[in-house]
Amino acid sequence: SPSIETRRKVTLFRGVYPIRFKHSTVDPEEIMNLAQEDLLKREAVNNGDLIVLTIGEPIGKPGGTNTMKIIKIGEHQGQGLGPRG
């Protein structure tokens, strides 16, 4: 999350490791791909690991998380987050 408040809150959950992630796009598919690339670069995940991506639409408007996707790293690039993908 780009939001420090959000990262601080989710740190309280066991097994959750929030990362500051800024993006310049509003395309959910592109955000998913950028998030995977960022996590791989940080060596926080490996191909085949599972992550949970949460996203709110409209993107950029705070307080509207309405999508959750479980992603297997390296498997879903280019497939999108939902019906639009």
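This report walks through the confidence, cores, surface patch and salt bridges of a predicted model.

## Confidence

The protein chain has a mean pLDDT of 80. Of its residues, 84% reach 70 or more. Among the elements, helix 1 (residues 4-10) has the highest mean pLDDT, at 89. Strand 1 has the lowest, at 83.

One stretch calls for care. Over residues 80-85 the pLDDT is below 50. Beyond near neighbours in sequence, this stretch still has 13 contacts in the model. Where pLDDT is low, the predicted coordinates should not be read in detail.

## Nonpolar cores

The largest nonpolar core has seven residues. They are Met32, Leu39, Val45, Ile51, Leu53, Ile71 and Ile73. Helix 2 (28-41) and strand 1 are the elements that each give two or more residues to this core.

Apart from this core lies another, of five residues. Its members include Phe21, Ile31, Ile55 and Ile59.

Back in the largest core, Ile73 is worth a look. Leaving aside neighbours within four places in sequence, Ile73 is in contact with Gln36 and Leu40. The contacts of Ile73 also include Val45, Asn46, Asn47, Gly48, Asp49 and Ile51. Two of these partners, Val45 and Ile51, belong to the largest core as well.

## A nonpolar surface patch

Nonpolar residues also appear on the surface. Leu50, Val52, Met68 and Ile70 form a nonpolar patch there. Together they have about 460 Å² of accessible area. Strand 1 (50-56) and strand 2 (65-72) each give two or more residues to the patch.

Leu50 sits in strand 1. Its relative accessible area is 63%. Leu50 therefore counts as exposed, because the cut-off is over 50%. Strand 1 thus has a part in both settings: it gives residues to the surface patch and to the largest core.

## Salt bridges

Side chains of opposite charge can pair when their charged atoms come close. A search of the whole structure finds two salt bridges.

Arg42 forms one of them with Asp38. The closest N and O atoms of this pair are 3.0 Å apart. Arg42 has a relative accessible area of 44%, so Arg42 is partly exposed.

Glu75 forms a salt bridge with Lys72. Here the closest N and O atoms are 4.0 Å apart. Glu75 is partly exposed, with a relative accessible area of 46%. Lys72 is also partly exposed, with a relative accessible area of 32%.

Key
Residues are numbered from 1 along each chain as its sequence is written. Side-chain values use heavy atoms; hydrogens and water are left out. Patches are made of residues with over 30% relative accessible area and no salt bridge: like charges are joined within 9 Å, nonpolar side chains (Val, Leu, Ile, Met, Phe, Trp, Tyr) within 5 Å. Accessible areas come from the Shrake-Rupley method with a 1.4 Å probe; for residues, only the protein chains shown count as cover. A salt bridge is a side-chain nitrogen of Lys or Arg within 4 Å of a carboxyl oxygen of Asp or Glu. Helices (H or I, at least four residues) and strands (E, at least two) are DSSP runs, numbered from the N terminus. Buried means under 20% relative accessible area, exposed over 50%, partly exposed in between (1.4 Å probe, protein chains only). pLDDT is the predictor's confidence in each residue, from 0 to 100. Contact means heavy atoms within 4.5 Å. A nonpolar core is a set of buried Ala, Val, Leu, Ile, Met, Phe, Trp, Tyr and Cys residues joined through side-chain atoms within 4.5 Å.
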